[in-house]
Amino acid sequence: MDLFSAEKIINILPFGGITNYHGIILNKTQCDFYYNTLMQNIKWENDRAIIFGKTIITKRKVAWYAESPFSYTYSKVTKTANIFNKELLELKSIVEKESGEIYNSCLLNLYHSGDEGMAYHSDGEKMLKKNGAIASLSLGAERKFSFKHKENKQRVDILLERGSLLVMKDKTQTNWLHRLPPTKKVNSPRINLTFRTIEL
Ligand SMILES: O=C(O)CCC(=O)C(=O)O
Ligand SMILES: [Fe+2]
């Protein structure tokens, strides 16, 4: 984070956590380049989710990348992380500079259209550093993102612009759920990268 960009960073949560919206941090050329390259080069896989005790395959695709090939268990399946490629290392460095935090892994999501989203959850897995920052970078279609407070159900919505950065930290995951609602208004793909710190 540099002194000149500090003024446009805002905490969008009224209480119970810090989630800073940094606005657009990538220019159009960078957005196009990374969107196209990641679409081609990432080892996208279908994701699994457990709904009412049944494992289903989601249309949304995912991929885990990290500094080292650590194993992780997700929806009862153990997988091994891919190693960061050149483009992910470049984006990690940009995001680290902008957020003032360091990350060692990245979960990527590919939503082919507005039909695909992600249900309310918080990212509090045991492997994640407690109250560590999660930095979310958006490419492709703009989508609405929603927070809901776990106790009083208060909602906060934000539009995640192309090339923008949202950093969830402090008590955000303890007190708030978040989701990417499906929408009829979008019919082009979105790629989201969430940089995280895994305790290895
Ligand atoms: O797609 C997004 O903007 C958020 C994804 C997310 O919440 C997650 O991967 O945990
Ligand atoms: Fe999440």
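**View 1. Three strands build much of the ligand 1 site in this predicted model****.** Strand 8 (105-111), strand 14 (176-180) and strand 15 (190-196) each supply at least two residues of the shell around ligand 1. The surrounding residues are L107, N109, M118, D123, S136, F145, H178, L180, N192 and T194. By class, the shell holds 4 nonpolar, 5 polar and 1 charged residues.

**View 2. Four strands form an open antiparallel sheet****.** The strand order is 9-14-11-12. Strand 9 (118-121) and strand 12 (155-160) are the edges. Each has a single partner strand, so one side of each lacks a neighbour in the sheet. From one strand to the next, the twist averages 15°.

**View 3. Strand 11 pairs with strand 12****.** Strand 11 covers residues 143-149. The two strands run antiparallel and share 6 bridges. F145 stands opposite I158 in strand 12. F145 also belongs to the residues surrounding ligand 1.

**View 4. A63 lies in strand 4****.** Strand 4 spans residues 54-66. A63 has 19 C-beta neighbours inside 10 Å, and therefore counts as partly exposed; buried status starts at 20. A63 touches I42, K43, W44, E45, N82 and L108, leaving aside residues up to four places away in sequence. For one of these, E45, the separation from A63 is 18 residues in sequence. In space, the C-alpha atoms of A63 and E45 are 6.3 Å apart.

Definitions and conventions
Residues are numbered from 1 along each chain as its sequence is written. Chains are lettered from A and ligands numbered from 1 in the order in which they are written. This is a predicted model: local features need pLDDT of at least 70, side-chain atom pairs count only at pLDDT 80 or more; totals for chains, interfaces and linings use all residues. A residue is near a molecule or strand if its C-beta atom, placed from the backbone, lies within 6 Å of it. Ala, Val, Leu, Ile, Met, Phe, Trp, Tyr, Cys and Pro count as nonpolar, Asp, Glu, Lys and Arg as charged, and the others, Gly among them, as polar. Two strands pair if DSSP finds at least two bridges between them. Axes are lines fitted to C-alpha atoms, for helices over the stretch in contact, and angles run from 0 to 180 degrees between N-to-C directions. A residue is buried if 20 or more other C-beta atoms lie within 10 Å of its own, exposed if 12 or fewer, and partly exposed in between; C-beta atoms are placed from the backbone. Two residues are in contact if their C-beta atoms, placed from the backbone, lie within 7 Å.
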